[in-house]
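Colleague: I should like a close look at a single part of this model, with its surroundings described residue by residue. Please set out what can be said about it.

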Amino acid sequence: MALADAERAVSSCGGGDSLSCSPFSEIIELNVGGQVYVTRYKTLVAVPDSLLWNMFTKKSPKDLARDSKGRFFLDRDGFLFRYILDYLRDLNLVLPDYFPEKSRLQREADFFQLRDLAKRLSPRVSKDNSLSEEIIQSDTEEGAQQCGSSVCMETLRAMSVSGAMRSPSLDSRKSGYITIGYRGSYTIGRDIQTDAKFRRVARITVCGKTSLAKEVFGDTLNESRDPDRPPERYTSRYYLKYNFLEQAFDKLTEVGFHMVACSSTGTCAYTSNDPNEDKIWTSYTEYVFCRD
């Protein structure tokens, strides 16, 4: 479908500027890391000299990689590309209230050669080499314009330094719940004594709001079962890249969560008529953590 549209665009190209005489169709389908996007050709070439501009103005459709359905393929982060596309539509960017992926989005902006977007996303560094958010600096600059005395200027400067030293993550942390779950197995011997392999954790699952889960676990969170989940939505399909419950608990404690409830069930998964063989039990346990 996408390939046929491109071929029709080539045959219908007449005179005029380079955009109206493009070998690409007006509507373009993209496959970005497995996420499908449909947008206009003019949107993709909105920023001159960007990577997408070079792809769709200096190359022909047959030169670009495609997936099995003829969509143009980009091996990049499919979730973050929605913000790249939003920026290309009107050269403005609006992020959610809590957006922990800013550094990764900046990396995507660098890859797509969107210099202005990358500059907006880069953290500002104050004179004392501490990171500060843009809103802190803008507040200080606005106050400086309304204040002319040296005492007032010193006060504003002190406010700026203290704001830069304060961790933005502490101010923007949101309350919520995260549930940690795991399935384990243990054996009970013939003398009703637990074996050495009492707990064998196959996978630690994470349930809760997407933004909270990413804030707590970061790169140790495996999102392959539920990719491209928006930050404000909930999921029960994430799991961790490690199998140590204590490591997960430490991560939660470091960012202000505390355990409020837990539950566990167990069933006998294997039993034998031979009294000399151990019984194998399986269990499912959940721990509920809360941050007020």
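The reply below takes up the hairpin of E1 and E2, then turns to two helices for context.

Modeller: Please bear in mind throughout that this is a predicted model. Strand E1 covers residues 27-32, and its partner, strand E2, covers residues 35-40. The two strands run in the antiparallel sense and are paired through six bridges. Within this pairing, leucine 30 faces tyrosine 37 of E2. Two residues lie between the strands of the hairpin, and glycine 33 there adopts a positive phi near 60 degrees.

Isoleucine 27 belongs to E1. Its relative accessibility is 42%, and since partly exposed denotes the range between 20% and 50%, isoleucine 27 falls in that class. Together with Val36 and Val38, Ile27 makes up a nonpolar patch on the surface, and the accessible area of these residues together is about 240 Å².

Elsewhere, helix H10 spans residues 210-217 and contains lysine 214. This lysine has a relative accessibility of 9%; because buried means under 20%, lysine 214 counts as buried. Leaving aside residues up to four places away in sequence, lysine 214 is in contact with Phe79, Pro100, Glu101, Leu221, Glu223, Arg229 and Tyr238.

Helix H4, residues 81-90, also contributes buried side chains: Phe81, Tyr83, Ile84, Leu85, Tyr87 and Leu88 are buried. Just after H4, leucine 91 has a positive phi of about 55 degrees.

Conventions
Residues numbered from 1 in each chain as written. Predicted model: local features only at pLDDT ≥ 70, side-chain atom pairs only at ≥ 80, totals over all residues. Heavy atoms only, no water. Buried < 20%, exposed > 50% of the residue type's maximum accessible area, 1.4 Å probe, protein only. Helix = DSSP H or I, 4+ residues; strand = E, 2+ residues; numbered from the N terminus. Contact = heavy atoms within 4.5 Å. Patch = residues over 30% accessible without salt bridge, like charges linked within 9 Å, V, L, I, M, F, W, Y side chains within 5 Å. Areas by Shrake-Rupley, 256 points an atom, 1.4 Å probe, with all protein chains shown as cover. Salt bridge = Lys/Arg side-chain N within 4 Å of Asp/Glu carboxyl O. Pairing = 2+ DSSP bridges.
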